[in-house]
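Colleague: Could you take me closely through one part of this model and then follow its surroundings outward? Please state the cut-off behind each term as you use it.

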Amino acid sequence: MNIGEYLKKDSAKPLLRLSTAGSVDDGKSTLIGRLLHDTQSILEDQLAAVRKSSKNFQGGEVDYSLLTDGLKAEREQGITIDVAYRYFSTPMKKYILADTPGHEQYTRNMATGASTAHVAVILVDARKGILTQTKRHSFIASLLGIKRFCIAVNKMDLVGYDPQVFERLMAEYRDFASKLSISDLQFFPISALKGDNVTSKSPNTPWFTGMSLLEYLDNLYIDADRNLVDLRFPVQFVVRGPNEERSYAGQISSGVIRRHDIVKVLPSEKETRVKSIVTYDGELEEAFAGMSVGVTLEHEIDISRGDMLVHPRNLPRTDKHFEAMLVWMNENQLDPARPYVIQQTSQTTKAIISRPEYLVNVNTLSRSHAETLRLNEIGRVTLACHRALAWDPYDKNHHTGSFIVVDPISNHTVGAGMIIDRLPSKALRTKAGEKTSTNVKSEETLITPDERRERFQQKGVTVWF
């Protein structure tokens with residue numbers, strides 16, 4: 001096989017995204033380091049440096065966690081803080097690994113790393129069992145729409161590869177997982193440090209009849225995860241060609257678009273037909289979810305960034321009001337009295353976020369009353385947008401059902417949301433931003449009264465006559 005054939009074959013491999021999570025010191029980084037080492041996905045100088053740094057580590061064993069714990073603070077504290085992305089491949093698949101933090105303080109980092117994963121690998125220490133952090137990470141992964149869970153019971157070598165320990169932890173986790181939306185739940189008794197059942201079956205666990213972790217992942221079919229039914233093509237920018245012909249460029253969020261298809265443009269609701277589908281390599285007859293293309297249309301229609309092409313008989317919801325589960329990611333708490341900027345697909349608009357209907361305790365899955373959301377908290381809120389957005393529920397379409405919240409003053413991302421569709425717009429319990437006073441009209445601006453008062457050193461008053 002020449003290099004051209006090899007590269008062509010390698011580019012055709014399916015891509016699987018993994019997210020690892022678990023309690024502090026459960027061995028997440030070590031597991032990923034073991035996978036990188038056993039699949040020969042690290043350079044010789046990297047391995048030599050890790051071996052040199054591992055001289056005083058557990059009887060001369062190689063500390064594989066050093067391959068992923070990149071920050072100096074992580075190595076000093078022995079924990080993961082940042083989301084470390086690593087890449088490796090096998091003869092069957094290509095992988096992107098996100099090593100996410102285990103500490104509660106870094107819940108927002110964990111949510112970011114897990115947001116695009118196909119599979120969640122949850123680490124459980126065989127000695128400590130199912131901990132509060134284990135449950136929290138499982139809930140967040142489930143909330144983010146991950147349906148496949150691999151529960152890796154790690155450090156089995158420290159409990160003598162006892163099958164009873166594995167069976168007990170498996171039963172305990174199954175009982176907890178019955179409250180979550182998990183369609184595929186697998187368990188693996190492993191030792192990330194020794195390599196047992198990580199990339200190949202271990203003779204130390206003859207009682208375990210399943211595949212190794214990597215064998216299971218290699219044989220996992222993920223193509224069915226793509227939504228090829230609901231066409232959602234958000235326009236990112238308009239390209240004017242040499243003949244003054246306009247094409248509309250973007251990435252197809254879901255569905256399939258074909259030449260000569262009838263499409264509807266949202267929000268204008270005007271219909272036209274697809275004239276051509278253009279890529280760098282030439283024109284296509286069809287394109288599907290995940291592809292970045294340019295689309296030309298038969299009729300001249302006013303289309304700009306943020307508009308969406310859909311099939312006329314398969315429409316998303318278009319509404320200014322909707323509910324969402326919101327993960328707050330900023331030190332400054334949510335302020336229901338001020339406007340934020342919402343970015344969903346390629347659409348951007350101002351929005352008011354209501355006080356949380358309830359706050360989810362990610363440790364116990366219980367609900368509680370709250371006036372606001374603070375850093376790393378998750379709650380159910382209602383949003384009132386300045387203009388209508390085209391969206392689907394998150395559990396139906398991750399791309400059109402998710403959004404980020406941006407502070408318009410600092411331009412920092414302060415939250416990430418997942419749209420839920422349990423009530424019609426008119427039945428929402430609270431409609432954020434709506435005023436009940438009949439004789440007072442409040443104009444929302446990007447500058448809050450507190451910020452204006454601090455900036456001008458003036459106190460605003462209202463004089464009634």
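Modeller: Strands S1 and S4 run parallel to each other and are joined by 5 bridges. Two strands count as paired if DSSP finds at least two bridges between them; strands (E, at least two residues) and helices (H or I, at least four residues) are DSSP runs, numbered from the N terminus. Within this pair, leucine 18 is opposite valine 119 of S4. The model is a predicted one, in which local features require pLDDT of at least 70 and side-chain atom pairs count only at pLDDT 80 or more, whereas totals for chains, interfaces and linings use all residues. Residues are numbered from 1 along each chain as its sequence is written, and side-chain values use heavy atoms, with hydrogens and water left out.

S1 also pairs with S3, again in the parallel sense, through 6 bridges. There serine 19 faces alanine 98 of S3. The strand is largely enclosed by the rest of the structure, because 6 of its 8 residues are buried. Buried here means under 20% relative accessible area, exposed means over 50%, and partly exposed lies in between (1.4 Å probe, protein chains only).

These pairings belong to an open, mixed sheet of 6 strands, ordered S2-S3-S1-S4-S5-S6. Its edges are strand S2 (84–89) and strand S6 (184–189), each of which pairs on one side only. From one strand to the next, the twist averages 25 degrees. At the S2 edge, 6 bridges connect S2 with strand S3 (residues 94–99), and the two run antiparallel. One of the partnerships there sets alanine 84 against aspartate 99 in S3. Helix H6 (residues 132–143) packs on the sheet and touches strand S1 (15–22), strand S4 (119–125) and strand S5 (148–154), contact being heavy atoms within 4.5 Å. The direction of H6 makes about 175 degrees with that of S4; axes are lines fitted to C-alpha atoms, for helices over the stretch in contact, and angles run from 0 to 180 degrees between N-to-C directions.

Charged contacts come next. A network of salt bridges links Asp125, Arg127 and Lys155, a salt bridge being a side-chain nitrogen of Lys or Arg within 4 Å of a carboxyl oxygen of Asp or Glu. The structure as a whole holds 14 salt bridges. Among them, glutamate 245 is bridged to lysine 275, with the closest N and O atoms 3.0 Å apart. This pair connects distant parts of the chain, 30 residues apart: glutamate 245 sits in the loop between strand S8 (237–240) and S9, and lysine 275 in strand S12. Glutamate 245 is partly exposed at 38% relative accessibility, and lysine 275 is partly exposed at 41%.

Strands S9 and S12 both have S15 as a partner. Strand S9 (residues 246–251) runs antiparallel to S15, with 4 bridges between them, and alanine 249 has glycine 294 of S15 as its bridge partner. Strand S12 (residues 270–279) is likewise antiparallel to S15 over 4 bridges, with serine 276 opposite threonine 296. S15 itself (residues 292–297) is mostly covered, 5 of its 6 residues being buried.

A further salt bridge joins glutamate 286 and arginine 258, where the closest N and O atoms are 2.9 Å apart. Because glutamate 286 lies in strand S14 (residues 286–288) and arginine 258 in strand S10 (residues 256–258), the pair ties together parts that are 28 residues apart in sequence. Glutamate 286 is partly exposed, at 39% relative accessible area, and arginine 258 is partly exposed at 39%. Arginine 317 and aspartate 319 form another salt bridge, with a closest N and O distance of 3.3 Å. In that pair arginine 317 is partly exposed at 26%, while aspartate 319 is buried at 15%.

Two other places complete the survey. Helix H9 (residues 449–456) lies largely in the open, because the number of buried residues among its 8 is 0. Directly after H9, glutamine 457 adopts a positive phi of about 55 degrees.
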